[in-house]
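Please find below a note on the model under discussion. The points are numbered for ease of reply.

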2 protein chains.
Amino acid sequence: MSAQEKPSTEVAVIDARILSFFQDGVRMIGLPKSLGEIYGVLFASPKPMTMQDLIDRLGISKGSASQGLKMLRTLGAVREVEYRKDRKTYFEADVELKKLVGGFIREEIRPHLKSGQEKLAKLELELHKIEDRELRAFYEERIKRLGRWSGKANLVLPLLQKFLGE
Amino acid sequence: MSAQEKPSTEVAVIDARILSFFQDGVRMIGLPKSLGEIYGVLFASPKPMTMQDLIDRLGISKGSASQGLKMLRTLGAVREVEYRKDRKTYFEADVELKKLVGGFIREEIRPHLKSGQEKLAKLELELHKIEDRELRAFYEERIKRLGRWSGKANLVLPLLQKFLGE
DNA sequence: ACGTAGGTTCAATTTTTTTTGAACAGGCCC
DNA sequence: GGGCCTGTTCAAAAAAAATTGAACCTACGT
């Protein structure tokens, strides 16, 4: 039923490989497998899909699909598109690396980085309380080092985005 | 007992903050929390520590400590040092960002990337089997795109390392 | 050779994360 | 209004990952 295409064996094989590509890829960056699966199916689909299509295709629950799509949208990896004039929302994969990486950095990296920087700031304030000269010097060095790391990260992320943006 | 220093309150507070810094940081890159804890303790310690020291300090099991140190060693984040002439092995944190990032890339990124590239290679071989012209064109575009992503990653990683290496 | 301290391994357990599914909300059409 | 279709939420269940602890090495000192 519905407007599904005959899934010719070859295409099915290819879809499966693309899927496995993303299942893996997403693991690498520490996101749930189902995110990779949903994105993979959309990436491999010539036309937009509904949530129900994804549920059928992947055999996942409605809840998973809904949450997965939500996350993918906030990452900017998937977008809603006008497609048919019905009640459903149709999705397609956003395939620009720049956007994918940007979303990942914004949602998954920046917040950690920020909280780390806040921790560092507090640390600096504690330093002077250490009595022992030598020990204080040691901690100063370490904390300065953490500060440099943090600074590097702040420098690298925009460069990375620019580089991937072409 | 043992050669432990008086953990003056201030130092304890600072150590705790450093620990929490790494607990978080390690989560960001998808490594187990205990790795961050172990590394954090070593990072915050002016002198080398034994496995037993870590067990006492963190209240973790011998197994955890052993496995954690193993992983940290293969990541190049921790190294064994000569310290006292006893049977124990003493560890200290390697604090060069370049080395940390390098180890992470080598152990956690490269293998995924490689397996992804192998999948891509197989994919290319399947493409010609698709009968439908239009559909084949679509898949060709997508797979070429994946290839470009992969290529970018291969380009970026060395640059990243160089940049952090200074 | 024996006992013991330091260290590793791995199956079992615990903890954490992910997924499910049932309840619910809103909107559309009759 | 009432039924129905899409989609969301969230507590409970399932799955996956990390941690433990006991068995087991190995090398050293006596």
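The points below take up the basis of the model, the symmetry, the chain contact, the cores and the DNA surface.

1. This is a predicted model, in which local features need pLDDT of at least 70 and side-chain atom pairs count only at pLDDT 80 or more, while totals for chains, interfaces and linings use all residues. Residues are numbered from 1 along each chain as its sequence is written, and chains are lettered from A and ligands numbered from 1 in the order in which they are written.

2. Chain B is superposed on chain A by a rotation of 180° with 0.0 Å of shift along its axis, at an RMSD of 0.0 Å; the fit is by least squares on the C-alpha atoms of residues with pLDDT of at least 70 in both copies. That is the relation of a two-fold axis. Within chain B, the residue that comes closest to the rotation axis is G30(B), with its C-alpha at 2.7 Å.

3. Chain A and chain B each give 38 residues to the contact, where two residues are in contact if their C-beta atoms, placed from the backbone, lie within 7 Å. On the side of chain B that touches chain A, α1 (9-28), α5 (97-127) and α6 (133-165) of chain B each supply at least two residues. The most come from α6(B), with twelve residues. Helices are DSSP runs (H or I, at least four residues) and strands likewise (E, at least two), numbered from the N terminus.

4. The largest nonpolar core has 29 residues, and I38(A), Y39(A), L42(A), L72(A) and V78(A) have the most contacts inside it. Such a core is a set of buried Ala, Val, Leu, Ile, Met, Phe, Trp, Tyr and Cys residues joined through C-beta atoms within 7 Å; buried denotes 20 or more other C-beta atoms within 10 Å of the residue's own, with C-beta atoms placed from the backbone. The most residues in this core, seven, come from α1(A). A second, separate core of 28 residues includes Y139(A), I143(A), L146(A) and A93(B).

5. DNA strand D is surrounded by 22 residues, the closest being G63(A), T89(A), S34(B), G63(B) and S64(B); a residue is near the strand if its C-beta atom, placed from the backbone, lies within 6 Å of it. The largest share of this surface, six residues, comes from α4(A).

Definitions and conventions: Buried ≥ 20, exposed ≤ 12 C-beta atoms within 10 Å, placed from the backbone.
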